[in-house]
Amino acid sequence: MPNRIRERRIMMPPLMDGYKPFGIAKCEPGWVTLYFEEFEAIRLVDYERLHQEEAAEMMNISRPTFTRLLDKARRKLARAFVEGKGILIKGGTYVTEHFWYKCHNCNETMITMKPASQCRECDSENIIQLSRDRK
Ligand SMILES: [Zn+2]
């Protein structure tokens, strides 16, 4: 029986769906998928410069689990960077404090306290929920 993966708490959705390299021979670069919680690990330690203990606490996971998560995230970024692959930021095992939405019309990312049905920027109903429903 595999261990159930504990959900990691994340505070901020990424502003974009991903990255694509330019100036490479292949038109379709191939993709590396970075999970939301891996993005969060990079954000907390490499961007916000938190210590791993603090970051682990913020994500509600143990320090060793955080270290493995960060290592995996860095290796994915390194692979994309060296091999000229694009990066898709999506999916994962995580929980959020608020509701997150992404508008497919204008690309606005929204964080709301209550469920939303349309984009606050362009009023489009073509939005998808990025956050998970709490159980
Ligand atoms: Zn919109």
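1. A residue counts as buried when its relative accessible area is under 20%, as exposed when it is over 50%, and as partly exposed in between. Because that intermediate class is defined in this way, Cys 106, with a relative accessible area of 34%, is partly exposed. The structure discussed here is a predicted model.

2. Cys 106 belongs to the zinc site, whose protein donors are the SG atoms of Cys 103, Cys 106, Cys 119 and Cys 122, lying 2.3 Å from the ion. Along the chain these donors follow the spacing C-x2-C-x12-C-x2-C. The four donor atoms subtend angles of 106 to 114 degrees around the zinc ion, and the arrangement is therefore tetrahedral. For comparison, the ideal angle for four tetrahedral donors is 109.5 degrees.

3. As to the burial of the other donors, Cys 103 is buried because its relative accessibility is 1%, and Cys 119 is likewise buried, with a relative accessible area of 1%. Cys 122, at 30% relative accessibility, counts as partly exposed.

4. Cys 103 also lies in strand β6, residues 99–103, in which five of five residues are buried. Both faces of this strand are covered, with Phe 99, Tyr 101 and Cys 103 on one side and Trp 100 and Lys 102 on the other.

5. Strand β6 pairs in the antiparallel sense with β7, residues 109–112, over four bridges, and Tyr 101 stands opposite Met 110 in β7. Five residues lie between the strands of this hairpin, where Asn 107 takes a positive phi near 70 degrees.

6. Strand β6 also pairs in the antiparallel sense with β8, residues 127–129, over three bridges, and here the zinc donor Cys 103 stands opposite Ile 127.

Conventions: Residues numbered from 1 in each chain as written. Predicted model: local features only at pLDDT ≥ 70, side-chain atom pairs only at ≥ 80, totals over all residues. Heavy atoms only, no water. Donors = N, O, S within 2.8 Å, 3.2 Å for Na, K, Ca; no water. Tetrahedral: all angles 85-135°; square planar, octahedral: opposite > 155°, others 65-115°. Buried < 20%, exposed > 50% of the residue type's maximum accessible area, 1.4 Å probe, protein only. Helix = DSSP H or I, 4+ residues; strand = E, 2+ residues; numbered from the N terminus. Pairing = 2+ DSSP bridges.
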